[in-house]
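Work through the exercises below with the sequence and the model open. Try each task before reading its solution.

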Amino acid sequence: MGEFDDLISANKTFADDFGLGGFDGVAHAGVAIVTCMDSRIDPLSMLGLKAGDAKIFRNPGGRITNAALEALVLGVHLLNVNRILVIPHTRCAMASSSQSELREKVGASAGQDASWQHFHVVSDQVAALAEDIRAVTSHPLIPDSVKVGGFIYDVDTGLLDQKF
Ligand SMILES: [Zn+2]
């Protein structure tokens, strides 16, 4: 106990002025975002959105995994999503390291073998994004009426560069 005190205290302050109570869980702006876990990315702010506007799915690299597809199918059919943005970013560790490099670094940090841990590294970010966009648009449960865009977010300028 105690390790989370600063955060719990901040949460009490947050709850003092809580405006999201009784709010439904749909995406009010009709937007779903798949992006990287990178702490330099603020997915709502970078699109001018606010809490309640979007469904957000994050993982290392912002890749379309089976879990991401599951989230998008639910978003499209049950949660008001009609636009999907897939947003990997510049200077992403998943795109600048090899699987063996990540296994080596994690292994060194953990002080034990990490060669069994899978990391979804990307060798060509734009090619991977193209493949991910195809995985979304070709999904049988995601209809053509849903608009799907692929972007690279520049962590140094804050700008999105649309690729697809
Ligand atoms: Zn990243």
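A residue is buried if 20 or more other C-beta atoms lie within 10 Å of its own, exposed if 12 or fewer, and partly exposed in between, with C-beta atoms placed from the backbone. The model is predicted: local features need pLDDT of at least 70, side-chain atom pairs count only at pLDDT 80 or more, and totals for chains, interfaces and linings use all residues. Residue numbers start from 1 along each chain as its sequence is written.

**Exercise 1. Classify Asn-80 and Arg-91 by exposure, and describe their phi angles.**

Step 1. Asn-80 has 17 C-beta neighbours inside 10 Å, so it counts as partly exposed. Arg-91 has 11 C-beta neighbours inside 10 Å and therefore counts as exposed.

Step 2. Helices (H or I, at least four residues) and strands (E, at least two) are DSSP runs, numbered from the N terminus. Asn-80 lies in the loop between H2 and S3, and Arg-91 in the loop between S3 and helix H3 (93-96).

Step 3. Most residues other than glycine have a negative phi. Asn-80, however, has a positive phi near 75°, and Arg-91 has a positive phi of about 55°.

**Exercise 2. Give the strand order of the sheet and find its edges.**

Step 1. Two strands pair if DSSP finds at least two bridges between them. The five strands form an open sheet in the order S2-S1-S3-S4-S5, with mixed pairing.

Step 2. Strand S2 (54-59) and strand S5 (160-162) each have a single partner strand, so these two are the edges and one side of each lacks a neighbour in the sheet.

Step 3. Now take the pairs. S1 (residues 31-36) and S3 (residues 83-87) run parallel and are joined by five bridges; Ala-32 has Ile-84 as its bridge partner in S3. S3 and S4 are also parallel, with four bridges, and Leu-85 stands opposite Gly-149 in S4. S4 and S5 run antiparallel, with three bridges, and Tyr-153 is paired with Leu-160 in S5.

Step 4. S4 and S5 make a hairpin with six residues between them, and Gly-158 in the turn has a positive phi of about 85°.

Step 5. Five of the seven residues of S4 are buried, so this strand is largely enclosed by the rest of the structure.

**Exercise 3. Which residues of H2 are buried, and what covers them?**

Step 1. The expected span of a helix is 1.5 Å times one less than its number of residues. For the 13 residues of H2 this gives 18 Å, and its end C-alpha atoms are 18 Å apart, which agrees.

Step 2. The buried residues include Ala-68, Leu-72, Gly-75 and Val-76. Seen down the helix axis, the directions from the axis to the C-beta atoms of the buried residues fall within an arc of 90°, so they line one face. On the other side, Asn-66, Ala-67, Glu-70 and Leu-78 are exposed.

Step 3. Among the elements covering the buried residues of H2 are S1, S2, S3 and H5.

**Exercise 4. Describe the largest nonpolar core and the contacts of Ile-84.**

Step 1. A nonpolar core is a set of buried Ala, Val, Leu, Ile, Met, Phe, Trp, Tyr and Cys residues joined through C-beta atoms within 7 Å. The largest one has 31 residues, and Ala-32, Ile-84 and Val-86 have the most contacts inside it.

Step 2. S1, S2, H2, S3, H3, H5 and S4 each supply at least two residues of this core. Its largest share, five residues, comes from S1.

Step 3. Two residues are in contact if their C-beta atoms, placed from the backbone, lie within 7 Å. Apart from neighbours within four places in sequence, Ile-84 is in contact with Ala-32, Leu-72, Val-136, Val-146 and Val-148.
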